[in-house]
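Dear colleague,

Please find below the structure that I am handing over to you. A summary of what was found in it follows.

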Amino acid sequence: MKYAITADLHLTADNEDRLRYFGNLLAAVESQGIRDLIIAGDCFDQGYSGYKAVDAVLAQHPAITVTAIPGNHDPDILPGQFTAKNIRVIRQPEYVAGGTGETGLLFVPYREGSTLGEVLAESRIDAKKTGPWVLVSHGDYGTSARDINGNESGYFPLTRRDLAVHAPLRVILGHIHKPSALDQTVFTPGSPWPIDPSETGARRFLVLDTKDGSVTPATIGFVPCWLDWTVFVLPDGNEPERIKQGLAK
């Protein structure tokens, strides 16, 4: 079975573009023959209440089942806030067993004031009994304390020791907006569209295949992306034209 995984949509009532791109994302997932989309936290931005608009988008893609895992921006979303039948909200850690010989999934919603390691210890997933499993959640990796400067790091942290103790096959985390592979085990899908100009590069969602536990990226081509680009200008008297040529290229 294949799952599409994204995170950090940060839907807001005053940004119609993000809502429209959410519909495009569902269409892109559906075009690949995938019927399950997991949102690993921050589907909504803080204080968002436009659930009717989201219901309308979901109603246009009834073949896709959306699993929403709360993040630090939307920890209070509830199943009853939606009328669409094809969305489910994970309120407590939930383990979904794979088919025979397949990889299972552990969904863990964001928990304020805790660490992912603490929740994993409570969940008591034993790979020897359950087989390989993939953790999908919303938090930071490799740090155990919040950034003293107020940046959004140290939220619901997962450490390397946690990986060694609990031994998930893969970890897929929302919260970090830039698509990246943090190591051979931990991946972040990134936001499917850039929230601000610091989030550069092409956007993507991830595809998890439970048959072998593999994670592959699927590039999103329908949203803008910010580029971090350096332009070298020679003082030869033709600087404006040279810049125009560079921009056109």
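A salt bridge is here a side-chain nitrogen of Lys or Arg within 4 Å of a carboxyl oxygen of Asp or Glu. Please note that the model is a predicted one. A search of the whole structure finds four such salt bridges, and three of them are described below, after the sheet.

The sheet is open and is formed by six strands in the order 4-3-2-1-11-12, with mixed pairing. Strand 4 (87-89) and strand 12 (214-220) stand at its edges; each has a single partner strand, so one side of each is left without a neighbour in the sheet. From one strand to the next, the twist averages 25°. Strand 1 (residues 2-6) and strand 11 (residues 203-209) run antiparallel and are joined by four bridges; Ile5 stands opposite Leu206 in strand 11.

Helix 1 (residues 16-31) lies across strands 1, 2, 3, 11 and 12, and runs at about 135° to strand 2. Within helix 1, Asp17 and Arg20 are three residues apart, about one turn of the helix, and their side chains meet in a salt bridge (2.6 Å, N to O). Asp17 is partly exposed, with a relative accessible area of 37%, and Arg20 is partly exposed at 44%.

A further salt bridge joins Glu122 and Arg111, whose closest N and O atoms are 3.2 Å apart. Glu122 lies in helix 3 (residues 116-123) and Arg111 in the loop between strand 6 (104-107) and helix 3, so the pair ties together parts that are 11 residues apart in sequence.

Asp236 and Arg242 also form a salt bridge, with 2.3 Å between the closest N and O atoms.

Yours sincerely

Note on methods: Residues numbered from 1 in each chain as written. Predicted model: local features only at pLDDT ≥ 70, side-chain atom pairs only at ≥ 80, totals over all residues. Heavy atoms only, no water. Pairing = 2+ DSSP bridges. Helix = DSSP H or I, 4+ residues; strand = E, 2+ residues; numbered from the N terminus. Axes fitted to C-alpha atoms, helices over the stretch in contact; angles between N-to-C directions. Contact = heavy atoms within 4.5 Å. Buried < 20%, exposed > 50% of the residue type's maximum accessible area, 1.4 Å probe, protein only.
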